[in-house]
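Okay, thanks everyone for squeezing in. I've got one model to walk you through, so let me put it up on the screen.

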Amino acid sequence: MTGSAAGSGAPPASTASSTAPATTLTVIVADRRGGPETLHAEIRPLRAPREKRVRVRVLAAPVCLPDVQSRYGRTPFPPRMPFTPGYAVVGDVDAVGRGVTRVGPGDRVAALTGTGGYADAIELHERALIPVPATVEPTEAAVIVLNYLVAYQTLHRVARVAAGDSILVVGASGGIGTALLDLGRYAGLRMVGLASPRKHVVVEHFGAAPVDYHRPDLRDRLHWLEPNGFHAVLDGVGGTSIDLGLALLRRNGILVSYANPGSFRGLVALLAKLVVVNLLSKGKALKVYGTTATFANRRPLFDDWATLFDLLARGAIHPVIHDVFALSDAAEANAMLEAGVVSGNLVLRTPYGEKERRQREREHDASQVKAREGSVR
Ligand SMILES: NC(=O)c1ccc[n+]([C@@H]2O[C@H](COP(=O)([O-])OP(=O)(O)OC[C@H]3O[C@@H](n4cnc5c(N)ncnc54)[C@H](OP(=O)(O)O)[C@@H]3O)[C@@H](O)[C@H]2O)c1
């Protein structure tokens, strides 16, 4: 699924009246393959949404590894240049096109866009919209849409873990890795996480045992930690990590790899491995997971987003936000991710999202003052 920066078409049926009408939108574009320096801002006219589509004013958008891999072309199906990265958005419906029935102006929504999320407004089909509780923080909501969805579905729909199971998380300090640890802690799993030493603190934070994947005795160390083997290995790195993970599984264990295979050739090699392992490794299963593979039946996606937003609203899960950048600093955010110094997630916030954050802070301060006055009386 891809979103398009709020585009051309018929006049809107209605628009939100509470905000000053904007006439332009800002979109971040990579004009060629390469590093973060290829990203720049473009100002475009803001147009009315087409039939069945809505315009969303973006509050927050995650910065994630697929944005980087797509920009370099390190993915089986790289986007054509120029392209706007941005795998997901959270925002408010700003205007609706003819025939839209599911949402109205002012509704808080999210979407898995694939590309196009680095913008302060985006046009999306109403079918793509995920309802978001107004109480949740938009930067945290932005992390739920992609990274927590991948983590939740690999754990519960593919690996089908149960409380007390042991899991090994490969890539535990990353955006999806920390989501796996957070959801694994909530599900009562026993967890080991592979991460660089300087990021062990985030792995421990979720109650998992951190292990440095650079150790020469890595396999022995993991075997020592789980002598009977792991019930499940969740792999976000691919390549030799898959062979290591398979060797560490117990009988009837499952390895789920959600890592990008890097190229079309890598995808073919992975699919070949899938066939061989599942035919020959008696009692061990290898599966691959991709959000796009689940689009044929969208019901589970929407059920899982609803579950995750409910967990977030109840404070049962706690996304790790390493840093928040302004949309105009998208290149800096990408450079930080590429530098390998991030634990958890990076998020972009638009000027509209910044305004919303300040409003929340004011409301919070006002409620604190009220509570204090109440307790003094
Ligand atoms: N299947 C899907 O639908 C889907 C959706 C989104 C993303 N993905 C893919 O999932 C993967 C992870 O994405 P992400 O956003 O979580 O990335 P991320 O936040 O950048 O995290 C990647 C992590 O991998 C770790 N790492 C690197 N080399 C490693 C190795 N040899 N062994 C163990 N860990 C290693 C890094 O850990 P340290 O820094 O601790 O070294 C880093 O924390 C990417 O390939 C991405 O394309 C798939």
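Let me start with a small puzzle: which residue in S15 is the bridge partner of Ser-257? Have a look while I remind you that this is a predicted model. Right, the partner is Val-288. That pair belongs to a parallel pairing, where strand S14, residues 249–257, is joined to S15 by four bridges.

Now zoom out to the sheet. There are six strands in it, and going across you read S12-S11-S10-S13-S14-S15. The sheet is open, and the pairing is parallel. At the edges you find S12, residues 209–211, and S15, residues 285–288; each has a single partner strand, so one side of each has no neighbour in the sheet. On average, neighbouring strands are turned by 20° against each other, if you ignore direction.

Then there's helix H6, residues 240–247, which packs on this sheet. H6 touches S10, S13, S14 and S15, and its direction makes about 155° with that of S14.

Okay, domains. The assignment gives us two: domain 1 is 4–144 plus 298–365, and domain 2 is 147–290. Their C-alpha centres lie 29 Å apart. As for how they meet, 21 residues of domain 1 are in contact with 22 residues of domain 2. On the domain 1 side, the elements giving two or more residues are H1 (65–72), H2 (138–158) and H8 (299–313). H8 gives the most, with four residues. And what's that side made of? It's 13 nonpolar residues, six polar and two charged.

That's my tour, over to you.

Technical notes: Residues numbered from 1 in each chain as written. Predicted model: local features only at pLDDT ≥ 70, side-chain atom pairs only at ≥ 80, totals over all residues. Domains from an automatic or database assignment. Contact = placed C-beta atoms within 7 Å. Nonpolar A, V, L, I, M, F, W, Y, C, P; charged D, E, K, R; others polar. Pairing = 2+ DSSP bridges. Axes fitted to C-alpha atoms, helices over the stretch in contact; angles between N-to-C directions.
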